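Please open the structure in your viewer and keep a selection tool at hand, as this tour moves from one stop to the next and says what to select at each.

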Amino acid sequence: AKKATERKTGAAFPSPFKFQRYGKSGIEVSEIFAKTAQHIDDIAVIRSMQAQVPNHEPSLMLMNCGDSIQARPSMGAWLTYGLGSENQNLPGFVAMCPGGMPIKGAENWQSAFLPGAFQGTYVDSRHEDVDKLIENIRSPHADTRVQMKQLDLLRRINLAHQRERSDPRLEARIQSFELAFRMQSEATDAFDVSREPQHIRDLYGNGVHGRQTLIARRLLERGVRMVQLWHGAGQPWDNHADIESNHRKLAGEIDQPIAALLHDLKQRGMLDDTLVLWGGEFGRTPSVELAGGKSKLGRDHNHYGFSVWMAGGGIKGGTVHGSTDEFGFAAQDNPTSIHDLHATILHLLGIDHEHLTYRYAGRDFRLTDVYGDVITPVVA
């Protein structure tokens with residue numbers, strides 16, 4: 001069957017990057033991820049991912065929330081609901097995006113019909129000063145004793161207000177005030193990378209992506225359940241033109257931090273129980289995009305076949321699952337849905353995706369809706 005692309009595309013466009021085999025597994029990796037490639041024997045690559053439509057908004061919702069149309073809880077909200085947080089002084093789910101929010105904003109980490117306490121906490125990681133990273137982290141006019149009195153009064157007023165109404169958002173509001181108070185000491189420490197030794201900061205590298213990736217490790221160490229790192233506001237990887245120089249630059253910003261995270265988690269004994277997922281909401285066409293009948297040497301959106309990878313957390317490293325056709329256009333062997341990916345992630349974290357449900361509007365909902373099979377070949 002003929003598969004249409006979102007925009008008009010022309011001839012096949014070979015990769016402008018060289019690939020070579022790495023590790024004992026001999027998996028091929030692009031030259032622009034040469035540092036990450038050093039860890040390929042700890043990575044499982046899924047090359048047969050499929051989304052549903054070639055548009056960012058619904059595909060982001062599908063990847064993050066399991067549904068491209070309806071408002072559903074995000075994966076981080078489901079994980080925090082199912083597993084809880086290991087630190088009562090920090091949010092269970094943190095989303096970091098430097099320079100503003102990605103497409104669809106806070107919907108990417110929403111709690112939807114789950115209680116509001118499970119939604120992600122957004123941090124603009126371009127800031128280095130903790131007071132800017134987390135707004136109002138310190139009170140300029142009240143010490144801890146005064147704040148405790150204020151919080152106690154606020155709680156009593158809110159509870160009286162709640163008794164006359166039945167609205168779960170009030171409970172979430174009360175909890176957020178109390179968490180914000182408890183965060184003052186813990187978050188100041190967790191987000192301060194200057195407390196790391198110089199050789200660890202050098203490992204992750206300078207710049208916002210090195211810093212936010214190091215912060216992610218510090219948050220995971222302190223019991224935050226899920227940390228989501230975005231490359232930047234909007235869609236920086238959406239290169240409809242000049243894909244060679246743009247992708248080379250973007251990969252250059254994150255190759256070292258990704259490799260550093262995998263190395264650092266491993267040397268601390270954290271990789272076994274930390275699952276790392278890397279990818280986007282869909283891929284790019286193997287053909288060149290035509291804008292007004294002319295090529296600007298970029299690629300269109302492609303949801304028919306793309307790759308993601310996972311490492312740690314019970315993954316069988318050095319494995320490849322699935323493949324696309326010979327052009328790299330559509331998944332051919334072992335087509336893998338986002339529901340399959342979510343089922344696998346939940347399985348690796350000790351959860352049966354069919355049993356993690358929440359009753360809402362007369363129906364039991366789950367992250368994988370009514371679909372999904374665990375991708376057993378990538379499970380150790």
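Throughout the tour, contact means heavy atoms within 4.5 Å. The model is a predicted one, in which local features need pLDDT of at least 70 and side-chain atom pairs count only at pLDDT 80 or more, while totals for chains, interfaces and linings use all residues. Residues are numbered from 1 along each chain as its sequence is written, and side-chain values use heavy atoms, with hydrogens and water left out. Helices (H or I, at least four residues) and strands (E, at least two) are DSSP runs, numbered from the N terminus.

**Stop one: Ser 30**

Begin by selecting residues 27-30, which make up strand β3, and pick out Ser 30 within that strand. Ser 30 has a relative accessibility of 9% and therefore counts as buried, where buried means under 20% relative accessible area, exposed means over 50%, and partly exposed lies in between (1.4 Å probe, protein chains only). Once residues up to four places away in sequence are set aside, Ser 30 touches Phe 17, Lys 18 and Phe 19.

**Stop two: helix α3 and Met 75**

Next, select residues 75-83, which form helix α3, and note that Met 75, Gly 76, Ala 77, Trp 78, Leu 79 and Thr 80 are buried there. Just after α3, Gly 84 takes a positive phi of about 75°.

Return now to Met 75, which belongs to helix α3 and, with a relative accessible area of 7%, is buried. Which residues is Met 75 in contact with, leaving aside its neighbours within four places in sequence? They are Asn 64, Met 226, Leu 277, His 342, Ile 345 and Leu 367. For Asn 64, which is eleven residues apart from Met 75 along the chain, the separation between the two C-alpha atoms is 5.8 Å.

**Stop three: the parallel sheet**

Select β5, β6 and β7 together. These three strands form an open sheet with parallel pairing, in the order β6-β5-β7, and two strands are said to pair if DSSP finds at least two bridges between them. Because β6 (121-123) and β7 (226-229) stand at the edges and each has a single partner strand, one side of each is left without a neighbour in the sheet. Neighbouring strands of this sheet are turned by 20° against each other on average, direction ignored; axes are lines fitted to C-alpha atoms, for helices over the stretch in contact, and angles run from 0 to 180 degrees between N-to-C directions.

Within this sheet, strand β5 (residues 93-96) runs parallel to β7 and is joined to that strand by four bridges. To see one of the positions concerned, select Val 94, which stands opposite Val 227 in β7. Then add residues 208-221, which are helix α8: this helix lies across β5 and β7 and runs at about 175° to β7.

Before leaving β7, follow the loop between β7 and α9 (243-267) to Asp 242. Its phi is near 50°, a positive value in a residue other than glycine, and with a relative accessible area of 42% Asp 242 is partly exposed.

**Stop four: the antiparallel sheet**

Now select β1, β9 and β10, three strands that form an open sheet with antiparallel pairing, in the order β1-β9-β10. Here β1 (9-12) and β10 (294-302) stand at the edges, each with a single partner strand, so one side of each is left without a neighbour in the sheet. The average turn between neighbouring strands of this sheet is 50°, direction ignored.

Five bridges join strand β9 (residues 283-291) to β10, and the two run antiparallel. Arg 284 has His 301 in β10 as its bridge partner, and Ala 291 stands opposite Lys 294 in β10. The hairpin of β9 and β10 has two residues between the strands, and in this hairpin Gly 292 takes a positive phi near 65°. Finally, select Leu 297, which is found in strand β10; the phi of Leu 297 is near 55°, a positive value in a residue other than glycine.
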